[in-house]
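Colleague: Before we discuss this model, could you put it up so that we can both look through it and take the questions in turn?

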Amino acid sequence: MNPYPTLSGETLVVPIVGDPIAQVKSPDGITRLFAGRGCDAVVVPLQVASADLDALVTGLSASASVAGLIATVPHKFGLAAHCATLTGRARFLGSANVARRGPDGGWHGDHVDGAAFVAAVRAAGGTPDGARALQVGAGGAGSAIALALLEAGVAELALHDADAGRRDALVARLRERFGDRVVTGSRDPAGFDLVAHATPMGMRAGDPYPVAVTSLRPGTFVGDVVTRPAVPPLVEAARRAGCRTSTGGDMFDAVAGLIADFLLGDGPLARRQDR
């Protein structure tokens, strides 16, 4: 099968919005996943500033050719605000990175970053179930990952963030649902079974390590969200210490698959695919 649909007036469009948008790779990958399911649809990147997001989504919503929406930084909270309904995890997080048309034409949103991180960890041999986990980063992606790790069965989740207020706010929210399984952590990974890195630290040359890598031991699994470089400095250090690892690229592959599954699960794209 041709990896891309033959574009026509019947082709459905799924914009992915971001600021910046130039770094995203998902338009190609998700379009190929659509084609593999016999779905005549294409993912198109759109650069849009936060101040213009509402006007853009309102305009796109008027076209029946727009069958879904994907959001990357910084628009995940903004996309959720345009959704008439949200999955349980997206509602808890207050953010969404994908939305599909509901039966009434409104948007139904989900946030799959956390599930993708857990899937990448498991695919690389990590075991969240029953683990003591340290997570660095309590922002948008970090919030989704923290929720997913707790739902995956970690026995304890210690959260650390350079912004203490943001860390404490996330700890308080998670404790409402998960109680004393959620605690405040530090940069020291000693004694943890799983380390989750959910910040951009490591993307730029000279960035410090997000954790004290000298405390890493072979029994610890290290997962990172950084996609550039392909093997981030934390992962390099973890591998030297004998740890098993997953990278941001592994998570990205899982995100693309989960986004495609969500968009093809119901709505206009589901009706267009081969069964």
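Colleague: Among contacts between residues at least 6 apart in sequence, what percentage join residues at least 24 apart?
Modeller: This is a predicted model, and the count takes in contacts in the protein between residues at least 6 apart in sequence. Of these, the share that joins residues at least 24 apart is 69%.

Colleague: How many helices and strands does the protein have, and why can it be called as compact as a globular protein of its length?
Modeller: The secondary structure comes to 10 helices and 12 strands. For 275 residues the globule rule gives 19 Å, and the protein counts as being as compact as a globular protein of that length because its radius of gyration is close to that value, at 19 Å.

Colleague: What percentage of the residues count as buried?
Modeller: A residue is counted as buried when its relative accessible area is under 20%. Applied to the 275 residues of the protein, this gives a buried share of 52%.

Colleague: Which helix gives the most to the largest nonpolar core?
Modeller: The largest nonpolar core has 54 residues, and those that touch the most other members are Phe34, Ile70, Leu149, Leu174, Leu263 and Leu269. The greatest contribution to this core, nine residues, comes from the helix spanning residues 248-265, which is H9.

Colleague: How many residues are in the other core that lies apart from it?
Modeller: That other core has Leu53, Leu69, Leu79 and Ala99 among its members. Its size comes to 16 residues.

Colleague: Which residues is Leu149 in contact with, leaving aside its neighbours within four places in sequence?
Modeller: Leu149 is one of the residues that touch the most other members of the largest nonpolar core. With those sequence neighbours left aside, the residues in contact with Leu149 are Phe117, Val118, Pro128, Gln135, Val154, Leu157, Leu194 and Ala196.

Colleague: Is Thr31 buried or exposed?
Modeller: Thr31 lies in helix H1, residues 26-36, and, not counting residues up to four places away in sequence, it touches Pro3, Tyr4, Pro5, Ser26, Ala41, Val42 and Val43. Buried means under 20% relative accessible area, and because Thr31 has a relative accessibility of 1%, it counts as buried.

Colleague: Over which ring does the charged end of Arg132 sit?
Modeller: The charged end of Arg100 sits over the ring of Phe262, at 4.2 Å from its centre. For Arg132, the charged end is 4.4 Å from the centre of the ring over which it sits, that of Phe192.

Technical notes:
Residues numbered from 1 in each chain as written. Predicted model: local features only at pLDDT ≥ 70, side-chain atom pairs only at ≥ 80, totals over all residues. Heavy atoms only, no water. Lys NZ or Arg CZ within 6 Å of the ring centre and 35° of its normal. Helix = DSSP H or I, 4+ residues; strand = E, 2+ residues; numbered from the N terminus. Rg over C-alpha atoms; globule rule 2.2 N^0.38 Å. Buried < 20%, exposed > 50% of the residue type's maximum accessible area, 1.4 Å probe, protein only. Contact = heavy atoms within 4.5 Å. Core = buried A, V, L, I, M, F, W, Y, C linked by side-chain atoms within 4.5 Å.
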